[in-house]
Amino acid sequence: MISANSSNQIAALKELYKDDKEYMKDLVYKENPFLALVPKDESPDGFAGKYIPVPLEYGVPQGRSHSFVSAQSNQTPTQLASFFVYVIQDYQLVTITNLLMEQTKSNAGAFVDAAKLQMDGGFRNITNNIAFELFGSGTATRGTSTAASTQSGTTVGGTSITLANAQTVVAFEVGMTIVASATDGGAPSADTVTITGVDRANGIITGTASAGSLSGNWAIGTGTAYLTVQGDLPAAGATSTGSFLALSGLAAWFPTTSPGATDNFWGVNRSADPTRLGGLRYNAQSFTIEEGMTNALAFANREGAKPDICIMDFASYAALVNSLGAKVQYVQVKHDEVEVAFDGIMFQSAYGKITVLADRSCPPQTAYVLTMNTLKLRSLGKVPHILTYGMEGLEGLRVGNADALEIRIGYYGNLICSAPGWNLVVQLSA
């Protein structure tokens with residue numbers, strides 16, 4: 001009989017977190033519909049090289065006229081563009097103390113139970129971040145504060161930050177260390193706030209400041225601050241797509257504001273054709289949510305889009321269900337790879353019915369109407385997975401300054417879109 005030891009303890013944990021296990025898929029995809037349903041390329045070559053070229057045609061060749069001379073003289077080539085999308089990196093560390101391993105030497109099951117609590121939490125944390133960033137603009141901004149924010153020195157809970165939209169509180173967690181920028185993606189503050197409490201009903205986070213008087217970026221009592229996790233922005237800020245550390249999510253590919261003359265998105269100025277290069281956008285804030293969605297879908301269909309999925313936040317989803325009343329039709333969407341299903345509703349468009357789903361990571365009063373086969377989350381391996389540095393399976397690294405083992409979870413990849421013009425962002429009234 002072989003007693004449990006450090007080697008077979010890790011082996012037991014390794015079996016639990018194999019990428020092909022149903023447990024792992026459920027842990028990653030459950031409660032994150034868009035992350036689950038977005039097409040993926042997680043092969044070893046899914047993001048080979050420094051960047052992925054994403055070529056697309058946004059204009060057909062001209063040279064047509066009832067006059068042969070005019071047709072001949074007005075010829076133009078096919079209008080082509082190519083986005084060069086860079087790979088981004090994201091990490092989650094989990095530390096298991098050597099004391100735990102020693103205490104459970106004779107019981108591998110006890111070790112797995114104790115370590116599983118930490119590992120599951122680590123996977124959930126990075127998974128929630130991926131789900132959040134898939135809707136983002138690349139700046140990793142989690143929410144904005146209001147002038148109602150206050151600070152009382154560096155005492156525990158002495159800093160109170162009131163979020164401009166209470167629904168964005170879902171992006172904050174106790175223990176998270178955040179920084180502030182004066183603008184979306186601007187240079188982050190050197191001082192930090194470590195969150196000690198989250199009032200999820202009222203959208204208020206409290207924490208401990210690193211300085212007795214926080215810098216102007218925090219706009220305490222004066223205005224707006226843009227809040228990100230420390231390390232999610234470069235020191236100089238994310239001034240362009242090439243400097244983004246976070247995923248270029250739906251808000252990056254399909255901005256609510258039409259790209260202007262100075263636009264530079266992965267090397268492409270989308271102002272040449274803001275719709276086909278930067279997605280469709282529709283402001284439905286002056287309509288009821290049902291009318292707004294109907295009008296937005298008609299607009300998308302007019303442009304040739306045949307979307308199959310609409311994703312919105314829970315409050316907007318509830319408003320749409322209430323508006324539809326007796327007309328509401330429920331449907332269940334199943335994931336192809338794992339037994340995870342999401343409940344949604346059907347909504348009619350000129351090109352047929354589309355499924356509407358609620359996702360907590362979707363920005364408030366925003367709907368993304370998507371043609372899913374134009375999107376792909378490309379990565380080097382699973383998103384996320386345990387980093388093994390060329391070694392097989394689950395491996396840990398000795399912590400240099402502690403009696404512990406460190407396990408690293410992460411991924412390398414980014415979101416790409418092969419046809420932005422077949423996707424629509426809608427600003428909603430509810």
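Helices here are DSSP runs of H or I with at least four residues, strands are runs of E with at least two, and both are numbered from the N terminus. The close-ups that follow all come from a predicted model.

**Figure 1. Helix α2 and the residue that comes after it.** We start with α2, which covers residues 22-29. Its buried residues are Met24, Lys25, Leu27, Val28 and Tyr29. Look next at Glu31, which follows the helix and has a positive phi, near 70°. The neighbouring Asn32 belongs to the loop between α2 and α3, the latter spanning residues 33-37.

**Figure 2. Asn32, a buried loop residue.** With a relative accessibility of 2%, Asn32 counts as buried, since the cut-off for that label is under 20%. Leaving aside residues up to four places away in sequence, Asn32 touches Thr127, Asn128, Ala131, Phe342, Asp359 and Arg360. For a sense of scale, the C-alpha atoms of Asn32 and Asp90 are separated by 18 Å, and the two residues are 58 apart along the chain.

**Figure 3. Asp120 within helix α6.** Here is another polar residue to zoom in on: Asp120 has 5% relative accessibility and so counts as buried. Beyond the residues up to four places away in sequence, Asp120 is in contact with Tyr17, Tyr23 and Leu27. Leu27 also appears in Figure 1, as one of the buried residues of α2.

**Figure 4. The largest nonpolar core, with Phe34 and Trp253.** In soluble globular proteins, nonpolar side chains tend to be buried together. The largest such core in this model holds 64 residues, and Phe34 and Trp253 have the most contacts inside it. Helix α6, residues 108-133, is the biggest contributor, giving eight residues. A second core, separate from this one, has 26 residues, including Ala296, Ala305, Cys310 and Met312.

**Figure 5. The surroundings of Trp253.** Not counting residues up to four places away in sequence, Trp253 touches the aromatic residues Phe83, Phe265 and Trp266. Its other contacts are with Val85, Ser248, Arg270, Gly278, Gly279, Leu415, Ile416, Cys417 and Pro420.

**Figure 6. An open sheet of seven strands.** Read across the sheet, the order is β12-β22-β17-β13-β16-β15-β14, with mixed pairing. The edges are β12 (280-283) and β14 (330-334), each of which pairs on one side only. From one strand to the next, the twist averages 30°. Strands β17 (366-370) and β22 (424-427) run antiparallel and are joined by four bridges. Within that pair, Ala367 stands opposite Val426.

**Figure 7. Strand β13 and its two partners.** On one side, β13 pairs with β16 in the parallel sense over four bridges. It also pairs with β17, here in the antiparallel sense, again over four bridges. Ile309 is a handy landmark, with Thr355 as its bridge partner in β16 and Leu370 as its bridge partner in β17. In a regular strand the side chains alternate between the two faces of the sheet. Both faces of β13 are covered, with Ile309 and Ile311 buried on one side and Cys310 and Met312 buried on the other. Cys310 and Met312 are among the residues of the second core.

**Figure 8. From β14 through β15 to β16.** Strands β14 and β15 pair in the antiparallel sense over five bridges, and Tyr330 stands opposite Ile345 in β15. Five bridges also join β15 to β16, again antiparallel. In this second pair, Met346 stands opposite Thr355. A hairpin links β15 to β16 through two residues.

**Figure 9. Helix α10 lying across the sheet strands β13 to β17.** The helix, residues 314-324, runs at about 55° to β15. Its buried residues are Ser316, Tyr317, Leu320, Val321 and Leu324. Viewed down the helix axis, they fall within an arc of 140°, so they line one face of α10. These residues pack against α9 (289-302) as well as β13, β14, β15, β16 and β17. The face turned away from the buried side carries exposed Phe314 and Asn322.

**Figure 10. The two ends of α10.** At the N-terminal end, Asp313 acts as a cap, with a side-chain oxygen 3.1 Å from the backbone nitrogen of Ala315. After the helix comes Gly325, whose phi is positive, near 55°.

Technical notes: Residues are numbered from 1 along each chain as its sequence is written. This is a predicted model: local features need pLDDT of at least 70, side-chain atom pairs count only at pLDDT 80 or more; totals for chains, interfaces and linings use all residues. Side-chain values use heavy atoms; hydrogens and water are left out. Two strands pair if DSSP finds at least two bridges between them. Axes are lines fitted to C-alpha atoms, for helices over the stretch in contact, and angles run from 0 to 180 degrees between N-to-C directions. Contact means heavy atoms within 4.5 Å. A nonpolar core is a set of buried Ala, Val, Leu, Ile, Met, Phe, Trp, Tyr and Cys residues joined through side-chain atoms within 4.5 Å. Buried means under 20% relative accessible area, exposed over 50%, partly exposed in between (1.4 Å probe, protein chains only). The arc is that of the directions from the helix axis to the C-beta atoms. A polar contact is a pair of N or O atoms within 3.5 Å; within protein, one must be able to donate a hydrogen and the other to accept it, and residues adjacent in sequence count only if both atoms are side-chain atoms.
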